[in-house]
Amino acid sequence: MRATAIAQPNIALIKYWGKRDSTRNLPAVGSISITLRDLFTKMSVQLDAELASDVLYVNDERDDGMLPRISACLDEVIGRSRMRARVDSVCNFPIAAGLASSASAFAATTLAAAGAADLHLDTQRLASLAGRASGSAARSLYGGFVELANKGNDIAMTVLCDADSWPLSVVVAVTESVPKAVGSSEAMEISRKTSPFYANWVERQPEDLDVARNAILERDFRQLAIIAEHNCLKMHSVMWASRPPTMFWNAATMACLQTVRKLQGDGCSVFFTIDAGPQVKAVCLPGDAETVHAALAATPGVTEVLVSALGAAARLVDPR
Ligand code: DP6
């Protein structure tokens, strides 16, 4: 009746932006991500016949804001007539500020819920269920380089390369740690309905996926860098051109991009990517991580720098 799971956030190199079915939360485009090792969310689900309603604690504090999405995720995995649950979440990085906290939270919740209800589901099925709660969460069920493709009324997952086969470092420059004003689901719908670039974004995504997939299979850092930066800037252009515009960047976000350009000019193997928030993630070869860390830490407006290697799949752990 109780299970605990740990999942790491993932960072998309080819982005999921837009839904083809918002009721079932199916993405409009495929995506490719890397799962991180050093940031994590731990979720414990305790099913309890005595409870009248679900309750959620995040880092030991009651959190009613996130509760409806967690309850909906438990319903998806276990079924609506399930026992109510106490869910405890521990997270070692800022929540809801564009650091993919929902990806690790829902991946861990899905796995822990299945464990608590003693359901033996394969990883592809768990990914589909996690994806219903948050599209990017499906990818955190796997480690390393992960591709999410659309398949009929579902998604299909592939691990392109595991974390040890191509060790990269991710340096996260935090520029603001308050929760974002607009959630990704809402911003995606605004993009879909109003951005003049949206149709082109969806249409051209297969090309970007092909280039990135080949770069990963060939361990071609330069090709991956070019396509990942392009795809990231294209996604933000879709948002900037929507009505109302969605702008997640701040001045420090831009300053970090300039720092990355300077590092590239100095010969560092590094590229940037940015999600639905103002943080900049710099992906680099491990030998360049220290230089990238120092340069981003010295960039005006950066409040904190986190470094992570690539990590493994979500997993059940001892509840204690
Ligand atoms: C910019 O997975 O948070 O990080 O399915 O609506 O919960 P929902 O969206 P979410 O969106 C992630 C958007 C992104 C790109 C990515 O991770 O692929």
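This passage describes the nonpolar cores, one buried glutamine and one pocket of a predicted model. Residues are numbered from 1 along each chain as its sequence is written, and side-chain values use heavy atoms, without hydrogens and water. In this predicted model, local features need pLDDT of at least 70 and side-chain atom pairs count only at pLDDT 80 or more, while totals for chains, interfaces and linings use all residues.

The largest nonpolar core (buried Ala, Val, Leu, Ile, Met, Phe, Trp, Tyr and Cys residues joined through side-chain atoms within 4.5 Å; buried means under 20% relative accessible area with a 1.4 Å probe, protein chains only) has 39 residues. Helix 2 (residues 101-116) contributes the most to this core, with nine residues; helices are DSSP runs of H or I, at least four residues, numbered from the N terminus. Val45, Ile70, Leu74, Val87, Leu141 and Met157 have the most contacts inside the core. Not counting residues up to four places away in sequence, the residues that valine 45 touches (heavy atoms within 4.5 Å) include Met1, Leu74, Val87, Thr109 and Ala116. A second, separate core has 33 residues, among them Ala28, Val238, Cys256 and Ala289.

Glutamine 205 lies in helix 5 (residues 198-217). This residue counts as buried because its relative accessibility is 1%. The side chains of glutamine 205 and asparagine 231 are joined by a polar contact of 3.0 Å, a polar contact being a pair of N or O atoms within 3.5 Å, of which, within protein, one must be able to donate a hydrogen and the other to accept it, and residues adjacent in sequence count only if both atoms are side-chain atoms. Not counting residues up to four places away in sequence, glutamine 205 also touches Ile14, Lys15, Val29 and Gly30.

Key: Buried < 20%, exposed > 50% of the residue type's maximum accessible area, 1.4 Å probe, protein only. Helix = DSSP H or I, 4+ residues; strand = E, 2+ residues; numbered from the N terminus.
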